[in-house]
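Work through the exercises below with the structure open beside you. Try each task before you read its solution.

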Amino acid sequence: MNELAARTSGSVHVIGAGLLGASVGLGLREHGVDVTIEDLSPTTVALAADYGAGRPRSAADDPPALVVVATPPDVVADVIERALASYPEAVVTDVASVKLAPFRELTRRGVDLTRYVGSHPMAGRERGGAIMARADLFTARPWVICRDHETPAAALALVESVALDLGGVLIEMTPEEHDRSVGLVSHLPQVVSSLLAARLEPASDQAIGLTGAGLRDTTRIAASDPELWVQILGANRAPVVELLDAFAADVADFAEALRDPERAGAKRRIADLLSAGNRGVARIPGKHGSSERFTTITVLVDDRPGQIARLLTELGELGINMEDLRLEHSPGAQIGFAEIAVLPEVAERALSDLAERGWRTL
Ligand SMILES: NC(=O)C1=CN([C@@H]2O[C@H](COP(=O)(O)OP(=O)(O)OC[C@H]3O[C@@H](n4cnc5c(N)ncnc54)[C@H](O)[C@@H]3O)[C@@H](O)[C@H]2O)C=CC1
Ligand SMILES: O=C(O)C(=O)Cc1ccc(O)cc1
């Protein structure tokens with residue numbers, strides 16, 4: 001393996017070798033960090049080891065410098081407590097999606113948390129398990145670190161070095177700030193997406209067949225693991241319930257305006273709520289969200305092998321830099337749509353040059 005230099009010094013022990021734990025292991029191994037892994041399931045340990053996420057710990061191993069706890073949230077406090085006791089020299093971090101509940105539980109138990117630094121990479125996938133792990137899962141994604149004033153600088157630096165080696169973007173927050181923030185940007189979207197997708201269950205095949213990008217975009221995370229989310233939502237219930245109540249009030253407000261759109265002010269109310277959505281989506285960082293930075297051109301692509309590759313090659317030949325690409329294709333359709341984000345100043349030329357080469361654009 002062609003190793004990248006590591007910031008992380010010392011060996012890392014990962015407890016819970018599923019999606020997050022094995023991804024941490026894979027990413028650190030690429031930097032040549034010595035990683036050992038542990039899981040309740042021997043099969044998961046074997047799988048994660050086979051994929052290259054680390055090796056099982058043996059009695060002869062030196063103690064780790066850092067322990068990363070990547071177990072489900074409902075056991076995370078227990079595992080952190082055990083790790084602090086088992087490795088009295090090590091720094092211990094975790095990657096659980098909620099930060100306040102385990103911190104409070106450990107404090108309630110009187111556990112000395114000097115060597116504990118809570119963290120949370122804002123990266124995941126719909127399905128868990130070691131076989132879903134990827135070394136690049138955390139690349140360019142926010143990685144929240146919850147320190148407190150007593151956290152020793154060396155402990156903080158070690159956790160930060162792991163996050164940076166894995167390509168994460170460090171963000172410092174208190175556990176309270178973290179839980180409120182993820183309630184809004186992760187937990188509320190999960191509930192809304194799941195409830196929306198649940199509406200599809202009894203729908204006819206004919207209706208489902210009309211599905212387009214809008215429904216796909218708003219329901220992707222509805223495929224997430226219910227068991228994990230029961231734990232996450234339960235552990236962050238206060239902020240999530242508050243957000244759900246406010247959301248439900250907006251839904252009721254919207255339905256009320258739509259019930260009688262001829263009533264004075266009703267259309268304005270509907271427009272105001274939709275416009276607030278425009279302003280909200282414009283705040284989302286990243287290429288899809290910051291639509292003002294790029295212009296999207298849509299190219300029709302025949303459903304034949306090699307068409308997308310040809311389109312991308314020709315864009316390169318035309319000297320047009322693609323900032324983002326999205327493909328849309330309905331099953332059974334003879335045509336697909338390639339939505340290509342480009343810099344606004346080249347959009348017009350891209351459309352005309354592509355048309356000249358015989359591509360159909362929208
Ligand atoms: N799935 C996601 O998209 C994200 C998950 N997280 C957090 O990461 C943590 C792990 O989630 P995933 O990797 O998705 O779950 P996962 O189900 O893929 O992996 C969890 C692993 O922990 C093991 N485990 C359970 N109890 C254990 C114990 N007491 N000791 C040792 N191993 C134990 C399980 O056997 C399993 O292999 C959770 O706390 C979750 O909140 C954070 C960011 C994203
Ligand atoms: O897929 C996405 O959009 C995610 O943001 C995944 C995710 C799920 C749970 C987390 O605690 C953090 C990130």
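**Exercise 1. The open sheet**

Task: In what order do the eight strands of the open sheet follow one another, and which are the edge strands?

Solution.
- Step 1. Trace the sheet from one side to the other. The order is S3-S2-S1-S4-S5-S6-S7-S8. The pairing in this open sheet is mixed.
- Step 2. Look for strands that pair on one side only. These edge strands are strand S3 (55-56) and S8.
- Step 3. Keep in mind that this is a predicted model.

**Exercise 2. Two parallel pairs**

Task: How many bridges join S1 to S2, and how many join S7 to S8?

Solution.
- Step 1. Take strand S1 (residues 12-15) and strand S2 (residues 35-38). They run parallel and are joined by four bridges.
- Step 2. Find a partner in this pair. His13 has Thr36 in S2 as its bridge partner.
- Step 3. Move to strand S7 (residues 142-146) and strand S8 (residues 169-172). Four bridges join them, and they too run parallel.
- Step 4. Again, find a partner. Trp143 stands opposite Leu170 in S8.
- Step 5. Add the helix. S7, helix H5 (residues 153-165) and S8 make a β-α-β unit, and this unit is right-handed.

**Exercise 3. Antiparallel strands around S11**

Task: Which strands are joined to S11, and by how many bridges?

Solution.
- Step 1. Start with strand S9 (residues 295-302). Eight bridges join S9 to strand S11 (residues 335-342), and the two run antiparallel.
- Step 2. Check one position. Leu300 faces Phe337 of S11.
- Step 3. Go to strand S10 (residues 324-329). S10 is antiparallel to S11, with six bridges between them.
- Step 4. Check one position here too. His329 has Gly336 in S11 as its bridge partner.

**Exercise 4. Two loop residues**

Task: Is Gly167 buried, partly exposed or exposed? And how does Ala140 count?

Solution.
- Step 1. Locate Gly167. The loop between H5 and S8 holds this residue.
- Step 2. Count its neighbours. Gly167 has 17 C-beta neighbours inside 10 Å. A buried residue needs 20 or more, and an exposed one has 12 or fewer. Gly167 therefore counts as partly exposed.
- Step 3. List its contacts beyond four places in sequence. They are Asp136, Phe138, Thr139 and Ala140.
- Step 4. Turn to one of these, Ala140. Its place is in the loop between S6 and S7.
- Step 5. Count again. Ala140 has 10 C-beta neighbours inside 10 Å, so it counts as exposed.
- Step 6. Check the backbone. Ala140 is not a glycine, yet its phi is positive, near 65 degrees.
- Step 7. Finish with a distance. Gly167 and Ser275 are 108 residues apart along the chain, and their C-alpha atoms are separated by 35 Å.

**Exercise 5. Helix H4**

Task: Which residues of H4 are buried, and what do they pack against?

Solution.
- Step 1. Go through helix H4 (residues 100-108). Leu100, Ala101, Pro102, Phe103 and Leu106 are buried.
- Step 2. Find their partners. The buried residues of H4 pack against two strands, strand S5 (91-94) and strand S6 (116-121). They also pack against H3, helix H6 (175-198) and H9.
- Step 3. Look just past the helix. Gly110 has a positive phi of about 80 degrees.

**Exercise 6. The two ligands**

Task: What classes of residue make up the shell around ligand 1, and what classes the shell around ligand 2?

Solution.
- Step 1. Begin with ligand 1, which has 29 residues around it. Gly16, Gly18, Ser97, Gly124 and Gly128 come nearest.
- Step 2. Name the elements that give two or more residues. They are helix H1 (19-30), helix H3 (73-86) and helix H9 (226-235). H3 gives the most, with four residues.
- Step 3. Sort the shell of ligand 1 by class. There are 16 nonpolar, ten polar and three charged residues.
- Step 4. Move to ligand 2. Around it are Ser97, Met122, Ala123, Gly124, Ser186 and Ile221.
- Step 5. Sort this shell as well. Three residues are nonpolar, three are polar and none is charged.

**Exercise 7. The whole chain**

Task: How many helices and strands does the protein have, and which domains are assigned?

Solution.
- Step 1. Count the elements. There are 13 helices and twelve strands.
- Step 2. Read off the domain assignment. It gives domain 1 (12-173), domain 2 (181-282) and domain 3 (295-361).
- Step 3. Compare two centres. The C-alpha centres of domain 2 and domain 3 are 31 Å apart.
- Step 4. Judge burial overall. Of the 362 residues, 30% count as buried.

Definitions and conventions:
Residues are numbered from 1 along each chain as its sequence is written. Chains are lettered from A and ligands numbered from 1 in the order in which they are written. This is a predicted model: local features need pLDDT of at least 70, side-chain atom pairs count only at pLDDT 80 or more; totals for chains, interfaces and linings use all residues. A residue is near a molecule or strand if its C-beta atom, placed from the backbone, lies within 6 Å of it. Ala, Val, Leu, Ile, Met, Phe, Trp, Tyr, Cys and Pro count as nonpolar, Asp, Glu, Lys and Arg as charged, and the others, Gly among them, as polar. Two strands pair if DSSP finds at least two bridges between them. A crossover is right-handed if, with the strands pointing away from the viewer, the path from the first strand over the helix to the second runs clockwise. Two residues are in contact if their C-beta atoms, placed from the backbone, lie within 7 Å. Domain bounds come from an automatic or database domain assignment.
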